[in-house]
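What follows is a walk through one protein model, from its overall dimensions to its cysteines. Please keep the structure open while reading.

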Amino acid sequence: MVDDMAPYDFHLPESRIATHPARPRESARLLHVRPTSASQAVLNTHRIADLPTLLRPGDLLVANNTEVIHAKLEAMRGQARIGITLDRPLPGGTWHVLARNARKLRAGDLLTFGTDCVTAEVVANEGAGAAELRFSVEGAPFDAFLERCGVLALPPYIARPQGPTAQDERDYRTIFSRYRGAVAAPTAGLHFTPDLLEALAQRGIAQRTVTLHVGAGTFLPVRSSLAEHRMHAEWGHIDEATAQAINTTRAQGGRIVAVGTTSLRLLESAADENGLIHPWRGETSIFIRPGYRFRAVDVLMTNFHLPRSTLFMLVCAFAGTTNMQTAYHQAITDRMRFYSYGDACLLERQP
């Protein structure tokens with residue numbers, strides 16, 4: 001059987017995985033990928049601080065303003081220890097979660113969290129490590145519970161044997177953070193600082209934010225064929241003023257620059273056939289891979305992604321599979337830093 005994941009596979013030396021961000025954040029490297037009508041893209045290496053000179057006056061930067069929560073919990077079902085990672089809230093007030101030792105869970109089971117008074121009832125075991133839980137508190141008391149008992153769900157490739165550090169608490173949040181609900185940080189946004197935003201504004205590049213609460217499914221690899229893979233749903237929101245600003249920018253000849261794949265996926269979910277963005281609220285499970293026709297985004301700033309991941313497929317769809325294979329090969333050769341705390345690339349959409 002032909003492996004349809006083969007074009008998205010590559011060898012990444014473990015030494016290229018960043019376990020801490022660059023300091024200052026603008027000092028991280030930025031690989032600019034410009035597809036052409038010829039066979040090969042133009043690749044140039046810059047710094048994040050150079051971003052204002054790489055964009056154009058009249059462009060619109062769109063970032064994700066979600067804020068990461070303490071989504072990782074340790075629960076007990078009797079004497080059995082169950083690892084819980086919150087994924088997303090469900091309309092009825094329950095939570096979709098990913099669970100270690102999930103096979104031990106049964107509907108009606110009660111989970112406890114150390115000496116804390118909060119409990120969770122198992123509503124359903126969905127199989128494949130997923131479950132639905134109803135916690136005994138909601139709203140502000142639930143937020144306080146997560147602060148007491150939860151920790152950041154750092155990606156598994158950021159080794160923290162003793163758990164996330166106080167520095168991670170500061171590093172794993174973006175300057176755009178406003179609305180709590182994400183399990184994972186929208187990592188392209190980690191590179192931005194007040195000085196960089198001011199430099200962009202001085203250059204005539206406007207800024208807007210949207211909300212997509214990144215779920216635990218972002219860490220899951222593709223375990224089946226492309227045809228069988230199903231994306232986890234994530235909740236997002238685009239308000240009317242932001243939708244209007246995006247449409248006005250396009251009408252005036254400016255480009256829409258998505259900060260991160262999360263912003264891009266939300267914008268593409270909200271775009272109609274003509275590329276107009278409408279106010280939007282709800283869940284999206286859009287799966288973007290080569291063959292997808294982009295309607296909303298012209299430029300994408302994003303970190304370097306895992307091999308055989310849906311996010312690497314997305315950047316291949318955006319800038320071309322061969323171009324991205326070449327770009328990642330150059331990034332690895334040039335010892336650029338990969339994944340959440342790593343360097344970034346600035347991708348222009350292939351013609």
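Two residues are in contact when they have heavy atoms within 4.5 Å. The model is predicted. Among the contacts in the protein with a separation of 6 or more, 70% are accounted for by residues 24 or more positions apart.

The secondary structure consists of eight helices and 17 strands. The radius of gyration is 20 Å, close to the 20 Å that the globule rule gives for 351 residues, so the protein is as compact as a globular protein of that length. Taken along the principal axes, the box filled by the C-alpha atoms is roughly 60 × 45 × 40 Å.

Turning to the surface, buried residues make up 54% of the 351 residues. The accessible surface comes to about 15600 Å², and carbon and sulfur atoms hold 50% of that area. As for charge, the protein has 37 positive and 35 negative side chains. The centres of these two sets lie 3 Å apart.

The cysteines remain. A disulfide is a covalent bond between the sulfur atoms of two cysteines. The test applied here asks for a pair of cysteine sulfur atoms within 2.5 Å, and by this rule the count comes to zero disulfides. Cys117 is in no disulfide, its nearest cysteine sulfur being that of Cys149, 8.5 Å away. Why does the sulfur of Cys149 form no bond with the closest cysteine sulfur, in Cys117? Because the 8.5 Å between them is too far for a bond. The surroundings of each can be given too: Cys117 is exposed, with a relative accessible area of 70%, whereas Cys149 is partly exposed, at 27%.

Notes:
Residues are numbered from 1 along each chain as its sequence is written. This is a predicted model: local features need pLDDT of at least 70, side-chain atom pairs count only at pLDDT 80 or more; totals for chains, interfaces and linings use all residues. Side-chain values use heavy atoms; hydrogens and water are left out. Helices (H or I, at least four residues) and strands (E, at least two) are DSSP runs, numbered from the N terminus. The radius of gyration is taken over C-alpha atoms; the globule rule is 2.2 Å times the number of residues to the power 0.38. Buried means under 20% relative accessible area, exposed over 50%, partly exposed in between (1.4 Å probe, protein chains only). Accessible areas come from the Shrake-Rupley method with a 1.4 Å probe; for residues, only the protein chains shown count as cover. Lys and Arg count as positive and Asp and Glu as negative; His and the chain ends are not counted. The place of a charge is taken as NZ of Lys, CZ of Arg, CG of Asp or CD of Glu.
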